[in-house]
Every structure is written in C-alpha cells, then in structure tokens.
Amino acid sequence: LVSWNSLLNMYAQRGELLKAEQLFERMPEHSLLSWTVLLSAYAREGRIEQAQRVFETMPAMDLVSTNSMLAAFAENGDLESAMEIFDEMPARSISTFNAMLIAYVRCGDFAGARWFMEEVMEERDVVSRTTLLTAYAERGYLDVARCLFEEMPNRDSAAWNGMLAGYAQQGRLEEAVGVFNAMPERDTVAWTTMLAAYAKSGDLAQGRALFESIPCTNLVSWNAMLSAYSKAGLLAEAGRLHDQMPEHH
RNA sequence: AUCGCUGUAU
C-alpha cells in the first residue's frame with residue numbers, strides 16, 4: 001500500500017490528474033493517506049469542488065487531510081470557507097495556521113494576515129514569516145518585506161529566495177545582487193531568480209554568464225534563460241540554446 | 001525511518 005501511495009503521490013505532484021484518478025481506482029485498498037493525496041491532487045490543480053467532494057466522501061479525516069482542504073480554500077482566496085474549517089478543527093498544527101495566513105494574503109487582507117500571525121498564532125515559524133514577506137514584496141512593499149526578513153530568527157533557503165525574488169521582481173537589481181551574494185548557499189531557485197533579475201534589467205550577457213555557472217539546472221532555469229532571449233527578440237539565440245537542452249529536462 | 005498538509009524561481 002505504501003508503494004501504491006507513493007506512486008499516487010508522484011502523479012499528484014506532477015499534476016497528472018487522470019493517472020492519479022485511474023490509479024486510485026485500481027488500488028487494492030485506500031488508506032487515509034491515499035484519500036488525502038487525491039484531495040491534494042485536485043486542490044493543486046485548482047479543482048476545489050472535486051477536492052471538496054473527496055473531503056466529504058472520505059471515510060475518515062485527520063489533521064493532515066483537514067489541513068489539505070483548508071489549504072485548498074486558502075490558495076483560492078476563499079477566506080470564509082477556510083475559516084469555517086479552521087473554527088471547527090479539534091486540533092491544529094503550524095501548517096493549519098500558515099494555511100490561514102495564505103487565505104488572508106490571497107484576499108489582499110494584509111492587516112488581517114498580520115493580526116492573525118501576531119495575535120492568533122501561538123507560534124510562528126520561518127514559513128509563516130516567509131509567507132508574509134513574499135506577500136508584501138509582491139505588492140512592492142520591499143521595506144516591510146526587508147524588515148520581516150531582518151527580524152527572522154532563522155532563515156532557510158526559501159526565506160532567502162523570497163527576499164531575493166522580491167527585489168528581482170520589482171526590478172531592484174542592486175539589492176538583488178546584494179542578497180544573492182550574501183546567501184549562505186544558493187540552490188537552483190536562487191540561481192534562477194538571479195538570472196530572471198538580470199533578464200528583467202535587460203542584461204542578457206550577465207544573465208547568460210550566470211546561467212552558465214548554475215551548478216544544477218532544471219526545466220525552470222532553462223525556461224528562464226530561453227524566455228529572456230525570446231522576450232528580447234533574440235529568437236535565433238533562443239533556438240540555439242533550446243537545442244542544447246538536455247533530454248531529461 | 002521523505003507514502004499525504006503550509007512559504008521561494010520561469
């Protein structure tokens with residue numbers, strides 16, 4: 001059953017809904033976990049009604065499955081439905097609270113999000129703070145984002161990447177470079193974000209140089225480089241690069 | 001002891 005579930009989860013992660021559905025039906029038995037994976041598969045594709053149907057059909061629910069349903073509403077900006085679930089939960093975890101934070105920021109309710117984090121949540125973690133950080137950064141409140149970043153007791157790669165992306169997306173190349181250089185370690189997300197920052201500023205040469213030095217590329221980093229060329233109208237260069245893309249990407 | 005839930009890149 002464990003291996004059925006892992007395969008099911010693999011399809012779910014990739015968004016291969018049909019395969020996930022077929023596998024789910026073919027499985028010899030379903031554990032609570034199988035149901036939860038199916039629910040998340042629908043949620044990830046934005047099929048809220050179907051996720052909800054699974055949620056109602058499931059023979060049992062636990063904290064994780066309820067969190068998944070809550071997260072689905074949250075991602076969709078349905079604060080009301082999210083709250084309804086939240087209020088009725090017999091037990092909550094940090095993921096529960098963090099999902100609620102998403103519900104607030106997806107609604108654009110920043111004051112609500114802050115209030116929730118500071119007054120309602122009994123504990124906050126790096127995920128909670130990064131959620132707020134990126135929400136502010138996306139809206140251009142980079143100084144607020146920076147404050148949240150500075151005040152983090154600990155920063156993981158997503159926190160660093162979130163701050164980096166904030167500057168990158170707002171076209172603040174200098175600050176982006178500053179963050180990038182200050183990072184204790186850089187994963188592919190960080191490299192790709194920095195590449196996108198150069199591309200956005202029109203510095204394709206720097207972008208390309210950076211791209212060449214990425215230790216471990218993936219489809220996203222290739223897409224970033226390719227679309228940088230395309231957007232600049234350098235279709236020939238894009239085509240040349242495209243042909244060099246490794247098969248496994 | 002990474003089979004499921006929350007934050008970051010195109």
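M152 counts as buried, at 4% relative accessibility. That value comes from a predicted model, as do the others I will mention. The cut-off for buried is under 20% relative accessible area, so M152 falls into that class.

Where does M152 lie in the chain? M152 is in the loop between α10, residues 142-150, and α11. Leaving out neighbours within four places in sequence, M152 is in contact with V126, R129, T130, L133 and A159. Take T134 as well: M152 and T134 are 18 residues apart in sequence, and their C-alpha atoms are 13 Å apart in space.

Keep T130 in mind, and turn to the RNA. A nitrogen of a base in RNA strand B is 3.3 Å from an N or O atom in the side chain of T130. So far, then, T130 has come up twice: once as a contact of M152, and once beside a base of RNA strand B.

Two other residues approach the sugar part of the strand. S68 has a polar side-chain atom 3.2 Å from a sugar or linking oxygen of RNA strand B. For T193, a polar side-chain atom is 3.1 Å from a sugar or linking oxygen of that strand. Which elements give two or more residues to the surface near RNA strand B? They are α1 (2-14), α3 (32-44), α5 (63-75), α7 (94-106), α9 (126-138), α11 (157-169), α13 (188-200) and α15 (219-231). The largest share, seven residues, comes from α11.

There are 42 residues around RNA strand B, and N5, N67, N98, D156 and N161 come nearest. Of the atoms of RNA strand B that come within 4 Å of the protein, sugar and phosphate account for 45%. Sorted by class, the surface near the strand has 16 nonpolar, 22 polar and four charged residues.

Now the chain as a whole. Chain A has 16 helices and zero strands. Its C-alpha atoms fill a box of roughly 55 × 45 × 30 Å along the principal axes. Chain A has 249 residues, and buried ones make up 44% of them. The chain exposes about 13,200 Å², with carbon and sulfur atoms supplying 50% of that area. Among contacts in chain A with a separation of 6 or more, 49% are between residues 24 or more positions apart.

Next, the interior. The largest nonpolar core has 82 residues, and M69, M100, F116, L164, F180 and M194 have the most contacts inside it. Helix α7 gives the largest share of this core, eight residues. For M194, leaving aside neighbours within four places in sequence, the contacts are L164, L173, A176, V177, F180 and L210. L164 and F180 appear in both of those lists.

Two more buried residues to look at on the structure. T66 is in helix α5. Is T66 buried or exposed? T66 is buried, because its relative accessible area is 12% and the cut-off is under 20%. T66 touches F55, M61, I85 and M89, not counting residues up to four places away in sequence.

The last one is Y42, in helix α3. Y42 is buried as well, with a relative accessible area of 6%. Beyond four places in sequence, Y42 is in contact with L17, E21, R47, Q50, A51 and V54. With E21, the side chain of Y42 makes a polar contact of 2.6 Å. Y42 and E16 are 26 residues apart along the chain, while their C-alpha atoms are separated by 9.9 Å.

Terms used:
Residues numbered from 1 in each chain as written. Chains lettered and ligands numbered in written order. Predicted model: local features only at pLDDT ≥ 70, side-chain atom pairs only at ≥ 80, totals over all residues. Heavy atoms only, no water. Near = heavy atom within 4 Å. Polar contact = N/O pair within 3.5 Å; in protein donor to acceptor, adjacent residues only side chain to side chain. Helix = DSSP H or I, 4+ residues; strand = E, 2+ residues; numbered from the N terminus. Nonpolar A, V, L, I, M, F, W, Y, C, P; charged D, E, K, R; others polar. Buried < 20%, exposed > 50% of the residue type's maximum accessible area, 1.4 Å probe, protein only. Contact = heavy atoms within 4.5 Å. Areas by Shrake-Rupley, 256 points an atom, 1.4 Å probe, with all protein chains shown as cover. Core = buried A, V, L, I, M, F, W, Y, C linked by side-chain atoms within 4.5 Å.
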